Amino acid sequence: MKKLLLALLLASVIIACKPDNPVHVQMQLSNGYWFNGSDFEEKTVWIKDGTLSFNEKTVLSDTIIDLEGKYVIPPFAEAHNHNLESDYELEERINSYLDNGVFYVKHLSSIKKRMDSLIHFYNKPTGIDVSLAHAPLTGTGGHPIALRKRYLEYGYFDGLFNTLEEIETHGYFIIDTEADLESKWQRILSFQPDFIKINLLYSEEFQKRKNDTAYFGKKGLDPKLVPAIVAKAHNSNLRVSAHVATSHDFHVAVSSGVDEIAHLPEIHNGQPIDPKDANLAAKQGTVVVTTASLVTKNKERDNYQALVDNIRSNLETLKQAGVIVAVGSDMYNDNSVEEFQLLHSLEVYSNLELLKMWCENSATTTLPHRKVSFLKDGYEASFLVLDKNPLVNIKDVNQSIVLKVKQGSILN
């Protein structure tokens with residue numbers, strides 16, 4: 001342990017010279033057990049120009065670290081949140097992510113005008129990396145229009161927008177027809193989104209809710225438009241993430257070929273997922289992001305335990321079908337740690353499955369075009385060193401981190 005601490009101290013001094021653009025230090029890490037996707041293997045690994053190398057014996061390393069039998073895993077990722085669009089306590093939120101080993105965050109909607117002033121905090125070697133959808137697609141009166149209206153009334157948009165009409169095409173796009181999709185598509189692309197988010201809510205009642213103001217904010221796109229939206233996005237090389245509420249929304253989204261389901265369906269309603277839809281999701285490689293801890297907002301309801309049991313049952317359906325599941329909370333005060341703890345408590349997945357969900361699946365769906373989420377030759381040198389084997393005891397795994405490295409830079 002003394003060797004490790006001394007090496008970390010020396011390396012930190014070197015790297016601290018340029019916190020935002022650190023010098024790439026050539027490192028050799030010996031006597032560590034590295035996660036290979038199914039187990040841990042003892043390896044000597046090198047970091048060269050910010051990437052991992054498993055065969056660089058001739059490289060002269062600036063820093064040699066003896067990991068002393070500790071365990072190395074990929075970083076964690078938060079695959080669904082909205083808490084990086086405000087400068088309020090932003091440094092604390094960023095540090096909370098990094099302190100818990102969460103390097104990557106998928107931000108499921110934002111207003112680009114607000115994000116532009118904050119983007120310098122993200123996507124750098126010593127900070128968290130963020131992927132952004134910006135304005136989601138919805139129908140007239142659909143989610144998140146009511147939310148944007150409430151925030152406008154609270155004064156959150158002072159200096160940016162004065163009316164709800166001004167927020168449209170910044171905070172959301174209303175797509176009621178294919179003509180709307182055609183006419184607004186270039187504006188959507190002008191924000192340079194990393195992916196497209198669509199909102200489906202209670203699509204089985206679309207006609208009933210369509211013109212009823214009582215459902216303001218509690219509806220979304222016409223389900224008949226979703227295949228055209230997905231095709232349009234895919235033609236622009238953009239993945240599609242679908243906000244869903246019900247099992248029917250899940251059916252529509254999967255049948256339309258979306259790439260990701262942003263929520264486990266039926267969190268608040270307690271209905272089962274159709275196994276046929278789960279099988280189709282698995283066949284297509286559709287990722288389902290959990291957000292299961294949203295159920296805790298229903299703790300005062302008489303059927304709370306039934307809702308939890310239904311979440312467990314639906315996760316079992318997804319597992320049996322072989323669906324790719326990623327960890328995401330959609331909880332403003334979470335960083336995916338509490339979401340992970342809830343998933344662990346449900347006892348649906350093994351320690352290995354939970355580890356892969358949080359490290360591999362979550363990072364891959366967040367940054368699908370980056371060489372992250374795996375400890376492989378040529379991949380980014382981003383990883384966590386743990387003082388215990390997570391395959392034996394994964395509870396509170398974030399508290400066992402003794403070293404964090406991101407793109408070759410030591411963060412500790």
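Two strands count as paired if DSSP finds at least two bridges between them. Keep that in mind as we walk through this structure, which is a predicted model.

Let's start with the sheet. Strand S7 (residues 102-107) and S8 pair over four bridges, in the parallel sense, which clears the cut-off of at least two because that is what DSSP pairing asks for. If you want a spot to look at, take Tyr104, whose bridge partner in S8 is Asp129. Now zoom out a little: three strands make up an open sheet with parallel pairing, and the order is S6-S7-S8. S6 and strand S8 (129-132) are the edge strands, each with a single partner, so one side of each has no neighbour in the sheet. From one strand to the next, the twist averages 15°. As a bit of background, strands of a sheet pair through backbone hydrogen bonds, and they can do that in a parallel or an antiparallel way.

Next, the helices that sit against these strands. Helix H2 (residues 90-99) lies across S6 and S7, and its direction runs at about 125° to S7. Helix H13 (residues 351-366) also packs on the sheet, where it touches S6, S7 and S8, and its direction makes about 50° with that of S6.

Stay with Asp129 for a moment, since it turns up again in a salt bridge. Arg370 is the other half of that pair, with the closest N and O atoms 2.7 Å apart. Arg370 lies in the loop between H13 and strand S16 (383-386), whereas Asp129 belongs to strand S8, so the salt bridge ties together parts that are 241 residues apart in sequence. Across the structure there are 13 salt bridges.

Moving along the chain from S8, we come to a couple of backbone oddities. His134 is in the loop between S8 and S9, and its phi is near 60°, a positive value in a residue other than glycine. Then there is Pro144, in the loop between strand S9 (137-138) and H4. The peptide bond that joins His143 and Pro144 is cis, with omega at about 15°.

His143 takes us straight to the largest pocket, which has a volume of about 1300 Å³. This pocket is lined by 42 residues, and the closest to its centre are His143, Leu147, Tyr151, Lys297 and Asp330. Which element gives the most to this lining? That would be H4, with six residues. Strand S6 (76-81), helix H4 (145-154) and strand S11 (196-199) each supply at least two residues, so S6, an edge strand of the sheet, has a part in the pocket as well. In character the lining is mixed, with 18 nonpolar, 15 polar and nine charged residues.

Finally, what about enclosed space? A search of the whole structure turns up one cavity of 30 Å³ or more, and the largest cavity has a volume of about 40 Å³. Its lining consists of Ala133, His134, Ala135, Phe173, Ile188, Phe191, Pro193 and Ile196. You'll recognise His134 there, the residue with the positive phi. By class, the cavity lining has seven nonpolar residues, one polar and no charged, whereas the lining of the largest pocket includes nine charged residues.

How values were computed: Residues numbered from 1 in each chain as written. Predicted model: local features only at pLDDT ≥ 70, side-chain atom pairs only at ≥ 80, totals over all residues. Heavy atoms only, no water. 1 Å grid on protein atoms, 1.4 Å probe; cavity = no way out; pocket = protein on both sides within 12 Å on 5 of 7 lines; lining within 4 Å. Points joined across faces, edges and corners; volume = space filled by probe spheres on them. Nonpolar A, V, L, I, M, F, W, Y, C, P; charged D, E, K, R; others polar. Axes fitted to C-alpha atoms, helices over the stretch in contact; angles between N-to-C directions. Contact = heavy atoms within 4.5 Å. Salt bridge = Lys/Arg side-chain N within 4 Å of Asp/Glu carboxyl O.
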